[in-house]
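Subject: A structure for you to look at

Hello,

Here is the structure I promised to pass on to you. Have a look at it first, and then read on for what turned up in it.

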Amino acid sequence: MAGKSGKAKGGKKIESSGRPQYTMRIVESSTCAACKQQCARGLRYLERMSQPGALGKGVPCILTRRKLT
């Protein structure tokens, strides 16, 4: 089995388009409810999730925004 060393070769390369790219953490409604700096996006999500039978997968939190290097 020549050629298989078990190590991944290469990796994802971030293509530079001239402007910085950011990443944000996905948070659920319980996190938005406990947040000290509640944003408009989080409040809308919190209101939507308070309805009976609502299903959600979270919302990107602007307070956890980090620049990709």
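How far is the sulfur of cysteine 35 from the closest cysteine sulfur, and which cysteine holds that one? The model is predicted, and in it the distance is 5.9 Å, with cysteine 61 as the partner. That is too far for a bond, because a disulfide needs two cysteine sulfur atoms within 2.5 Å. Cysteine 32 has a similar story to tell: its closest cysteine sulfur belongs to cysteine 39 and lies 6.2 Å away, again too far for a bond. The count of disulfides in the structure is zero.

Now for the overall layout. The chain has 69 residues, and 12% of them are buried. You will find two helices and four strands, and if you start at the N terminus you meet them in the order β-β-α-α-β-β. The accessible surface of the chain is about 6,500 Å², with carbon and sulfur atoms supplying 52% of it. Among the contacts with a separation of 6 or more, 63% join residues that are 24 or more positions apart.

Back to cysteine 35 for a moment. This residue sits in the loop between α1 (29–34) and α2 (40–49). Is cysteine 35 buried or exposed? Neither label fits: its relative accessibility is 26%, so it counts as partly exposed. Its C-alpha atom is 9.8 Å from that of leucine 63, although the two are 28 residues apart along the chain.

Next, the inside. Nonpolar side chains tend to be buried together in soluble globular proteins. Which residues form the largest nonpolar core here? There are six: Val27, Cys32, Tyr45, Met49, Val59 and Cys61. Three of these are worth a click:

- Cysteine 32 has a relative accessibility of 10%, so it counts as buried.
- Valine 27 touches Cys32, Tyr45, Gly58, Val59 and Cys61, once residues up to four places away in sequence are set aside.
- Valine 59 lies in strand β3 and is buried, since its relative accessible area is 10%. Apart from neighbours within four places in sequence, valine 59 is in contact with Arg25, Ile26, Val27, Cys32, Arg41 and Tyr45. The C-alpha atoms of valine 59 and arginine 44 are 9.9 Å apart, with their positions 15 residues apart along the chain.

Threonine 64 is another one to find. Look in the loop between β3 (59–60) and β4 (66–67). At 19% relative accessibility this threonine counts as buried, because the limit for that label is under 20%. Leaving out residues up to four places away in sequence, threonine 64 touches Thr23, Met24 and Arg25.

What about the rings? There are zero aromatic pairs in the structure. Tyrosine 22 does have a charge over its ring, though: the charged end of arginine 65 sits there, 3.9 Å from the ring centre.

Finally, try proline 20, in the segment before β1 (22–23). With a relative accessible area of 41%, proline 20 is partly exposed. Its C-alpha atom is 8.6 Å from that of threonine 69, and the two residues are 49 apart in sequence.

Enjoy exploring, and write back with any questions.

Best wishes

Terms used:
Residues numbered from 1 in each chain as written. Predicted model: local features only at pLDDT ≥ 70, side-chain atom pairs only at ≥ 80, totals over all residues. Heavy atoms only, no water. Buried < 20%, exposed > 50% of the residue type's maximum accessible area, 1.4 Å probe, protein only. Contact = heavy atoms within 4.5 Å. Areas by Shrake-Rupley, 256 points an atom, 1.4 Å probe, with all protein chains shown as cover. Core = buried A, V, L, I, M, F, W, Y, C linked by side-chain atoms within 4.5 Å. Phe/Tyr/Trp six-rings, centres within 6.5 Å; stacked < 30°, edge-to-face > 60°. Lys NZ or Arg CZ within 6 Å of the ring centre and 35° of its normal.
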